[in-house]
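Below are my notes on the model, set out as numbered points. They take the domains, one helix, the chain contact and one sheet in turn.

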Amino acid sequence: MKNMPGDSAEDILTLRNVCKYYKDRKGSGHLLKAVDGVSFSVRRGETFGLVGESGCGKSTLSRVILQLEPVSGGSVAFEGRDFARIGRRELRAMRKEMQIVFQDPYDSIDPRMTLEQAVEEPMAIHRYDRSLRKTRIKKLFEDVGLPVNMLNRYPHQLSGGQRQRLCIARSLALSPKLLVCDEAVSALDVSIQAQILNLMCDLKEEHNLTYIFISHNLGVIKFISDRIAVMYFGKIVELASRNEIFTHYLHPYTCALLSAAPVLHPSMRRERMLLTGDVPNLYNPPAGCVFCDRCVYADSRCRSEAPVLRGYGEDRQAACHYAGELPLKVNWGGAPC
Amino acid sequence: MLNIFREYKMIAIGCFILSVILLTAVFAPALTSYGYEQVDLKNRNDAPSAAHLMGTDSFGRDVWTRVLYGARVSLTVSLTSVAVGLAIGAFWGLLCGFFKGKIDFAVGRVMDIFMSFPALLFSLLIGAALGPSILNMCLSVGIPLAPIFYRVTRGAALSVGEHAYIASAKSMGSGSFRTMFRHVLPNTAPQLFVVLSSSMGGAITAESALGYLGLGIPKPTPSWGMVINEGRQYIFDAPWVTGFGGLMVVLTILGFNLLGDGLRDYLDPKLKG
């Protein structure tokens, strides 16, 4: 089957059955399954979009990918090297290869560092030569569109967009191969979002980057991604190329998610697939499919047996027993973005 | 330096007060013609006059002289003991707030035990165990301060640790100790400065309390606490003894507080142009 996680040379990052569980704080012994059995691989040079509603485990997944938190199960491998099997030193060296841009640019820069120090920090950690650092800082500032005369400013003197540019410059300082953008534009004004997205597209070419782009914003995801994975309640429910997922989705949750995206033009107002109920209780997930309580097509099989992510033709995977058989309304008139 | 003074008035005033007190302590012999234990029984409890700027105490000793020499002990003890408390408390607080988990629990309970003693009683205990000397004095005043610094640092470190810039540093390969000292510690500084300047006054008072209980600096070396306590019995007949002794304590605490607040502002990047 194609596109199942494998060690193909073009895959830069491979996740196999990655799980991240948290213990209930009250000590009841229940496990909170923030990420549960996620497998996918990211190809070199692509932009891999990860979309889902808040609380579905997107950010936890990004933290696990970057080894900010250990996995509870499964494995994450970067260029074929499994993080669980490498030593501390190697992990430190590997951190150079993958970097993250966080959601809140107001929170992700140390307020006591000047812009220069902030960009220099990763290079100082990895013992770059001093003169090299200076030239690189200038280059990075130019690359992300920050004026070089701002080097001695402090982060609070910047606007949100400028701060996010700084965060990007910082994350590019070590010339990483993979950049994880965790809601990187969500905290910005819409006009600034567009600027930053364009900047990221340019930087991708210039620096030969691979992106994992996490967002709840379908418009943004559609704009930037090559392939898109839809997450719901800690699991990937559907994964397909951008064009496929916006037109030929197979999973009822994808259908509902796309129908929920607002459309700008009033004449394009259309019916929506409204979901009833709420996201399942985190400590007491349903036995079968995580979506069965809210899915209008669910039957007894869905309630008892959890569907696995299966391939449906080239570049399409869905985790639904009845994928392809359901009468899902295609094209909700005026797709987002 | 001058620019700092011009911009941060509080630092300027604080530095001025403290440096005057420090200079008088250093040049005490040049500023008085009396010895600090020079008894003059004919002139007991004399009011301030040209001969005795701050009057005399119940032994006829010159209060001005005793205050000058007392500054040496009081400043040394307060600075050293706060440094001792800060070093112990802030270090463990930082460690616990950063790593959380088991070490936090273990150290936290030890600090709880320390805190369950009244500070003065705890000082007495340490002082009695170590015996009277200036260094032991600093330890016995400083160690009971540690739990306060511990609590403040730990709390601040816990909240700083939640910021994304800590995760960001980690994702760049910054080691635990580097992250702790380069990112967490500087960002807990504002809270630390508040406790720092207020505990300076506490240390001076604790030193005088110990002196009063006879566990202070070995006599006859004067300290401000001793001056105040000796004048206490004659507070209605010779208020200048406690008064001038107390005034020095107040001025010093004021100086430290101004300096502390000013430094906090100075170090806050948000207040920089």
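**Notes on the predicted model**

1. The domain assignment splits chain A into domain 1 (11–97 + 176–318) and domain 2 (111–174). The model is a predicted one. Between the C-alpha centres of domain 1 of chain A and domain 2 of chain A the distance is 29 Å.

2. The two domains of chain A touch through 13 residues of domain 1 and 11 residues of domain 2. On the domain 1 side, helix 6 (residues 190–207) of chain A gives the largest share, 7 residues. That side of domain 1 of chain A holds 9 nonpolar, 2 polar and 2 charged residues.

3. Helix 5 (residues 160–172) of chain A has 13 residues. From first to last C-alpha, helix 5 of chain A reaches 18 Å, close to the 18 Å expected at 1.5 Å a residue.

4. Is helix 5 of chain A largely enclosed or open, and why? Of its 13 residues, 11 are buried, so helix 5 of chain A is largely enclosed by the rest of the structure. The buried residues are A:Q162, A:R163, A:Q164, A:R165, A:L166, A:C167, A:I168, A:A169, A:R170, A:S171 and A:L172. The cover over these buried residues includes strand 6 (98–101), helix 3 (115–125), helix 4 (130–144), strand 7 (178–182) and helix 6 of chain A. Helix 6 of chain A, one of these covering elements, is also the element that supplies 7 residues to the side of domain 1 that touches domain 2.

5. The contact between the chains takes 21 residues from chain A and 16 residues from chain B. On the chain B side, helix 8 (164–171) and helix 9 (176–212) of chain B each supply at least two residues. The largest share of that side, 6 residues, comes from helix 8 of chain B. By class, the side of chain B that touches chain A has 6 nonpolar, 7 polar and 3 charged residues.

6. In chain A, 4 strands make up an open sheet with the order 2-1-4-5 and antiparallel pairing. Strand 2 (31–43) and strand 5 (81–82) of chain A are the edge strands, each pairing on one side only. Strand 1 (residues 11–23) of chain A runs antiparallel to strand 2 of chain A, and 9 bridges join them. The bridge partner of A:D11 in strand 2 of chain A is A:R43.

7. Helix 1 (residues 58–65) of chain A packs on this sheet, where it touches strand 1, strand 2 and strand 4 (73–78) of chain A. The direction of helix 1 makes about 65 degrees with that of strand 2 of chain A.

Note on methods: Residues are numbered from 1 along each chain as its sequence is written. Chains are lettered from A and ligands numbered from 1 in the order in which they are written. This is a predicted model: local features need pLDDT of at least 70, side-chain atom pairs count only at pLDDT 80 or more; totals for chains, interfaces and linings use all residues. Domain bounds come from an automatic or database domain assignment. Two residues are in contact if their C-beta atoms, placed from the backbone, lie within 7 Å. Ala, Val, Leu, Ile, Met, Phe, Trp, Tyr, Cys and Pro count as nonpolar, Asp, Glu, Lys and Arg as charged, and the others, Gly among them, as polar. The expected span of a helix is 1.5 Å times one less than its number of residues. A residue is buried if 20 or more other C-beta atoms lie within 10 Å of its own, exposed if 12 or fewer, and partly exposed in between; C-beta atoms are placed from the backbone. Two strands pair if DSSP finds at least two bridges between them. Axes are lines fitted to C-alpha atoms, for helices over the stretch in contact, and angles run from 0 to 180 degrees between N-to-C directions.
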